[in-house]
Amino acid sequence: MGQIVVLNANRMEREVTKDILANGLESAEIILAATEEPVMKLLREGNVDLLIVDVPKFDLRRCDILAQARQVSKDTPILVTSTGVRKDIAPHVWRLGLQDYLLKPCRPSWLLAAVRILKRDTVKTQDEKEEQRRKRYLKLLDEQMRAFCYKKCTDVAKDYLASLYEDVHNKNVIRFQAISFAEGLAHLGDSLGNAVHSKLATVLEQFKLRFGQQVKKYDTYLVLEKMLDIIFAVFDEDRCYQVGSEQRVLNYIDRNVREGISLEQAAEYANMSSYYFSRFFKKITGVNFITYVTDCKIAVAQEMLIDTDMPVISIAYELSYNEANYLSKVFKRKVGMTPTEYREAHCGGDGMKTEALTGLGAVK
């Protein structure tokens, strides 16, 4: 069980309801409220699994409260308790789109049964929603892999994790969904042979086993990126691209941005002179090579500043800058503020987002 909010103006009834729920449910966080203001705040935050509202009388004000609650959090089930007769209460409940109601006085077993049913339905709905999200992003990932576009594949992985961490607040759900997505990614590489399957399986197994570490969204992304690198290395080795493919060259650069790839290295990979490659690259991207690589590095630095607690100097070394001061200078020119100022502006001065969870470990 998760978070259950009880809205009841009667203090004694609130406490009795809390005792019934606490004693009858295996695990549940029971929050009591006498007025609607704190309830609406909790609903907006998206952490409420069930709302139990006592309605002595279905007057205009109370109907407005229920309608507002329904609008603020459409997926949160609402259970109404009320005195009166069924024929007077039921029409209001169904008209407002509420899930169920109980007539008072009611037995504790009736309340617990209603709560368990609504909770099961909610979990099922949430699971279905997350499964649909995961399948949708895996389909996008498959499409970009078939187009041999490495950068778009990493963008899909980032977008999936961003939506998952933003919408889901249950740590166990995030763990399960992130691992399931990694399993789906590994499955996409099955057709590339036993060697690839074995490498992906190893990364995935390490990912699953390292549940005892405290990590963040960015660490989870690094696991997915490592799996994509394994897949795209095979594309490169097996000559899956057309001869002289522009995408092949871009993938090589995108996969090696952190390593400080030089113009000469990229030109050698493309089997061109540095001079001709520079012109070729500007023609296919619209920017020169140095600008492209620098922009990619700054984008990675922005992600690391927000999603990790790494010092700026460590981020600089991670991106193959020999000096943190040089990163700060380039960063400020591109973004308009220093790395430290950027982190403070986006993390509220905390140094990092509080999205760490116990469980997922990055594979180095």
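In this predicted model, Tyr 150 and Phe 232 are both buried. These two residues belong to distant parts of the chain, since Tyr 150 lies in helix α6 (residues 150-167) and Phe 232 lies in helix α9 (residues 217-237), with 82 residues separating them. Their rings form an aromatic pair of the edge-to-face kind, with a centre-to-centre distance of 5.3 Å and an angle of 85° between the planes. A search of the whole structure returns 14 aromatic pairs, among them the one that links helix α6 to helix α9.

A further pair is formed by Phe 277 and Phe 280, whose ring centres are 6.0 Å apart and whose planes meet at 45°, so that the pair is classed as tilted. In contrast to a link between distant parts of the chain, both Phe 277 and Phe 280 lie in helix α12 (residues 274-285), where they are 3 residues apart, or about one turn of the helix. Phe 277 has a relative accessible area of 0% and is therefore buried; Phe 280, with a relative accessible area of 15%, is also buried, because the cut-off for a buried residue is under 20%. Phe 277 and Phe 280 take part, together with Phe 281, Phe 289 and Tyr 292, in one aromatic cluster. An aromatic ring is also involved in an arrangement with a charged residue, in which Lys 297 lies over the face of Tyr 321, at 4.5 Å from the ring centre.

Turning to the sheet, 5 strands are arranged in the order β2-β1-β3-β4-β5, forming an open sheet in which the pairing is parallel. Strands β2 (29-33) and β5 (100-103) stand at the edges, and because each has a single partner strand, one side of each is left without a neighbour in the sheet. From one strand to the next, the twist averages 20°. Strand β1 (residues 3-7) runs parallel to β2 and is joined to β2 by 5 bridges, with Ile 30 in β2 serving as the bridge partner of Ile 4.

Helices lie across the strands of this sheet. Helix α2 (residues 36-45) lies across β1, β2 and β3 (50-54), and the direction of helix α2 is at about 155° to β1. Helix α4 (residues 86-95), in turn, lies across β4 (78-82) and β5, running at about 160° to β5. The edge strands β2 and β5 are thus each crossed by a helix, β2 by α2 and β5 by α4.

Technical notes: Residues numbered from 1 in each chain as written. Predicted model: local features only at pLDDT ≥ 70, side-chain atom pairs only at ≥ 80, totals over all residues. Heavy atoms only, no water. Pairing = 2+ DSSP bridges. Helix = DSSP H or I, 4+ residues; strand = E, 2+ residues; numbered from the N terminus. Axes fitted to C-alpha atoms, helices over the stretch in contact; angles between N-to-C directions. Contact = heavy atoms within 4.5 Å. Phe/Tyr/Trp six-rings, centres within 6.5 Å; stacked < 30°, edge-to-face > 60°. Buried < 20%, exposed > 50% of the residue type's maximum accessible area, 1.4 Å probe, protein only. Lys NZ or Arg CZ within 6 Å of the ring centre and 35° of its normal.
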